[in-house]
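Subject: Structure handover

Hello,

Here is the structure I promised. Please open it alongside this note. My findings follow below.

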Amino acid sequence: MNVRNPARLLTPEQLPACLALDQAALDGLWTEAQWRTELADPRRPGIGLWNQGQLQAMACGWLVVDELHITLVAVDPRWRRQGLGRVVLAALLQQGHHEGARWATLEVAASNAAARALYGSLGFAEAGVRCGYYRNGDDALIQWVKIEG
Ligand SMILES: CC(C)(COP(=O)(O)OP(=O)(O)OC[C@H]1O[C@@H](n2cnc3c(N)ncnc32)[C@H](O)[C@@H]1OP(=O)(O)O)[C@@H](O)C(=O)NCCC(=O)NCCS
């Protein structure tokens, strides 16, 4: 883990920072109500990377039996390509493993080259395609990785 950016579990008090980063990185993927649910549910672990009080990166997932369904990965546009995406996602996988998950899965848009490269670098492999899944007609690639403890 990066010493400058210790990974910490996201908490309900951090709602404003999560909303701000969601807006900056993903144009507001989740509403405030969705974020409140996310941060309050112990089966939905989220990890944040902070630097001087600023939330720079976050990753969230949903524990389903022995699977971790990754629901969001976001890095502040000002801090990309510095390894934060990899650090925050690896920390979420470790947290999932700690809570009993042995496999992780996610969906990524076929056109999202940055995210696909990031997931590939962590060992995610493609297991299927949902054609035309996204509103813009893009395909969703379904990926899985075995989480090693
Ligand atoms: C995808 C995202 C999380 C990557 O975060 P990041 O901190 O820039 O990624 P990292 O610096 O950890 O990069 C890890 C690896 O991913 C790949 N990668 C990351 N960004 C890339 C880019 N723009 N182009 C090509 N490869 C890229 C590289 O293989 C990189 O390793 P390298 O730097 O050693 O070559 C970030 O671009 C982001 O927040 N995008 C918007 C939100 C999003 O699309 N989320 C995923 C879908 S929910």
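Which element gives the largest share of the shell around the ligand? That is α4, with 5 residues. Bear in mind that this is a predicted model.

The ligand first. It has 18 residues around it. Those that come nearest are Val73, Arg81, Gly83, Gly85 and Asn112. By class, the shell divides into 11 nonpolar, 4 polar and 3 charged residues.

Next, the polar contacts. Two of them use the protein backbone:

- Val73 places a backbone N or O atom 2.8 Å from a nitrogen atom of the ligand.
- Gly83 has a polar backbone atom 2.8 Å from an oxygen atom of the ligand.

A side chain takes part too. Arg80 has a polar side-chain atom 3.3 Å from an oxygen atom of the ligand.

How much of the ligand does the protein cover? On its own, the ligand has 910 Å² of accessible area, and the protein covers 73% of it.

Where does the ligand sit? In the largest pocket. Four elements give two or more residues to the shell around the ligand: α1 (15–26), β4 (67–75), α3 (84–98) and α4 (113–121).

Now the pocket itself. Its volume is about 1600 Å³. It is lined by 44 residues. Closest to the pocket centre are Leu26, Val73, Asn112, Ala115 and Tyr119. Val73 and Asn112 also appear among the residues that come nearest to the ligand.

The elements that give two or more residues to the pocket lining are α1, α2 (32–40), β4, α3, β5 (103–109) and α4. Here the largest share comes from β4, with 7 residues. For the ligand shell, the largest share comes from α4. By class, the lining has 22 nonpolar, 12 polar and 10 charged residues.

Over to you.

Best wishes

Notes
Residues are numbered from 1 along each chain as its sequence is written. This is a predicted model: local features need pLDDT of at least 70, side-chain atom pairs count only at pLDDT 80 or more; totals for chains, interfaces and linings use all residues. Side-chain values use heavy atoms; hydrogens and water are left out. A residue is near a molecule or strand if one of its heavy atoms lies within 4 Å of it. A polar contact is a pair of N or O atoms within 3.5 Å; within protein, one must be able to donate a hydrogen and the other to accept it, and residues adjacent in sequence count only if both atoms are side-chain atoms. Accessible areas come from the Shrake-Rupley method with a 1.4 Å probe; for residues, only the protein chains shown count as cover. On a 1 Å grid over the protein atoms alone, a cavity is a set of points where a 1.4 Å probe fits but cannot get out, and a pocket is an open set with protein on both sides within 12 Å along at least five of seven lines; lining residues have an atom within 4 Å of a point. A molecule sits in a cavity or pocket if more than half of its atoms lie within 2 Å of its grid points. Ala, Val, Leu, Ile, Met, Phe, Trp, Tyr, Cys and Pro count as nonpolar, Asp, Glu, Lys and Arg as charged, and the others, Gly among them, as polar. Grid points are joined across faces, edges and corners, and a volume is the space filled by probe spheres set on the points.
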